[in-house]
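Please open the model in your viewer and keep the sequence panel beside it. The stops below say what to select next and what is to be found there.

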Amino acid sequence: MTLLKRWRTRVQAAVLVLAAVVAPEAALCQATFGIISQDGPNEGFNDPSRPDPASTVGGNSGATLGAQRRIAFRYAVDIWASRLTSDVVIAVEASFDPLACNATQADLGLAAANTVHRDFTRAPISITWYPAALANAHAGFDLAPGSSDISAQFNSALDGITCAFPRAWYYGLDGNPPADTIDFVSIALHELAHGLGFQTYMDADGGKLGGFDDAFLLWLEDHSTGDLLSDMATDAARAAAITNTGNLHWVGPNVIAAGVGLTAGRHPGGHVRMYAPDPVEPASSASHFSTALEPDELMEPYYIAANHDVGLTLELMRDIGWSIDGSVQGNRFDSSSGGGGGGCFVSTVIGF
Ligand SMILES: [Zn+2]
Ligand SMILES: [Zn+2]
């Protein structure tokens, strides 16, 4: 089933940018990604403009703007490929295109799973939707061979003169963007996470997709009633839950266990707050961590600062059924898999 929803990450000019020190991720390859550029000649990932000198200083040696974009995107892909385990290539369509942009706010990126699947071979839980990449990982083969698993777009206007937003992309790999820029690797990691399963397929009115649960919805709770959203009898109850600010919680065991490091956004019982503004934000509500979390997490809805740490997001991936770092979680995974030497991706565009 094809999804039309896209989850957006926005940025506000007033948000303070903090420097971040980032430790490099392990380079071991647990999954292989295929990157399919949707950009044409001389635009997007192929933009021949001069590279950003600041990004060059940040470790990105791309000789053009397009080359810097490809290098930074591959860097983000490699971080996920080093942590998530799958024997099936995860196919990502990606592009740079103009997205909404004005003097005070810009859409940075949007991404989603292209297809969702239920009751497939070796599905962990029946009558429950899984995004294509995760469903394929469990099945051990490509359940939708005619389509890519994830689509992602990034706002090319940030680098152009048509966008009044005062900050441009930073393509450096060091997580240390100048204050007037936005760290692309952070946004790429964030958008890829949506496509890998960090999203519910419930709509903003509380309706389940086709009437079925999804692997993300299963762990959402309304703490004021103690009910899981998947168990609620009506769409209205779910719609109320996702605007119940402070009480929409993630109750998966891996996030709860790792959430002890939070100094804010965590209920004393261990549940972790999810983004539940009132009124609902259809592109964001429920499918992000709450902005209340401290320290900040990768999957909050607004960009604050560079963050290459998959942190609690990785634990949430575990909760929804991903095997991490080659571990076995009651499914068919072997102890290792992936693409072998040179990087955790295969490219269907020469030079990507
Ligand atoms: Zn997002
Ligand atoms: Zn709770």
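**A strand with both faces covered**

Begin by selecting strand β7, where Ile150, Ala152 and Phe154 point one way while Ser151, Gln153 and Asn155 point the other way, and all of them are buried. Here a residue is buried if 20 or more other C-beta atoms lie within 10 Å of its own, exposed if 12 or fewer, and partly exposed in between, with the C-beta atoms placed from the backbone. Helices (H or I, at least four residues) and strands (E, at least two) are DSSP runs, numbered from the N terminus. Since 6 of the 6 residues of β7 (residues 150-155) are buried, this strand is largely enclosed by the rest of the structure.

Before going further, note that this is a predicted model, in which local features need pLDDT of at least 70 and side-chain atom pairs count only at pLDDT 80 or more, whereas totals for chains, interfaces and linings use all residues. Residues are numbered from 1 along each chain as its sequence is written, and chains are lettered from A and ligands numbered from 1 in the order in which they are written.

Now add the partners of β7, bearing in mind that two strands pair if DSSP finds at least two bridges between them. Strand β3 (residues 90-97) runs parallel to β7 and is joined to it by 6 bridges, and in this pairing Asp97 stands opposite Asn155. Strand β4 (residues 105-113) pairs with β7 in the antiparallel sense over 5 bridges, with Leu110 as the bridge partner of Gln153.

**The loop between β3 and β4**

Select Ala103, which is found in the loop between β3 and β4. Is Ala103 buried or exposed? It counts as exposed, because it has 10 C-beta neighbours inside 10 Å. Then show Phe165, which is 62 residues from Ala103 in sequence but 4.3 Å from it in space, C-alpha to C-alpha. Leaving aside neighbours within four places in sequence, Ala103 is in contact (C-beta atoms, placed from the backbone, within 7 Å) with Ala164 and Phe165.

**A small sheet and the helix across it**

Move next to the open sheet of 3 strands in the order β5-β6-β10, whose pairing is mixed. Its edge strands are β5 (116-117) and β10 (213-214), each of which pairs on one side only. Between β5 and strand β6 (residues 128-131) there are 2 bridges, and these strands run antiparallel; here His117 stands opposite Tyr130. Helix α3 (residues 132-139) lies across β5 and β6 and runs at about 100° to β6, where axes are lines fitted to C-alpha atoms, for helices over the stretch in contact, and angles run from 0 to 180 degrees between N-to-C directions.

Within α3, centre the view on Leu134. Its contacts, apart from neighbours within four places in sequence, are Leu196, Gly197, Ala215, Ile320, Gly321 and Trp322.

**Helix α7**

Ile320 leads to helix α7 (residues 311-320), which is mostly covered, with 10 of its 10 residues buried. Showing α3, α4 (184-196), β13 (248-250), α6 (253-258) and β14 (272-273) displays elements that are among those covering these buried residues. After α7 comes Gly321, whose phi is positive, near 120°.

From β13, pick out Leu248, which counts as buried because it has 24 C-beta neighbours inside 10 Å. Its contacts outside the four nearest places in sequence include Leu220, Asp222, Arg273 and Ala276, and Ala276 is 28 residues away in sequence and 6.3 Å away in space, C-alpha to C-alpha.

**The nonpolar core**

Widen the selection to the largest nonpolar core, which has 93 residues, and in which Ala72, Ala76, Leu134, Ala188, Leu189, Leu192 and Leu196 have the most contacts. Such a core is a set of buried Ala, Val, Leu, Ile, Met, Phe, Trp, Tyr and Cys residues joined through C-beta atoms within 7 Å. Its largest share, 10 residues, comes from helix α2 (residues 65-81). Domain 1 (31-198 + 321-352) and domain 2 (203-298) both give residues to this core, so it lies between them; the domain bounds come from an automatic or database domain assignment.

**Confidence along the chain**

Finally, colour by pLDDT, the predictor's confidence in each residue, from 0 to 100. The chain mean is 87, and 84% of the residues reach 70 or more. Over residues 10-26, however, the pLDDT is below 50, although this stretch has 35 contacts in the model beyond near neighbours in sequence.

Technical notes. Contact = placed C-beta atoms within 7 Å.
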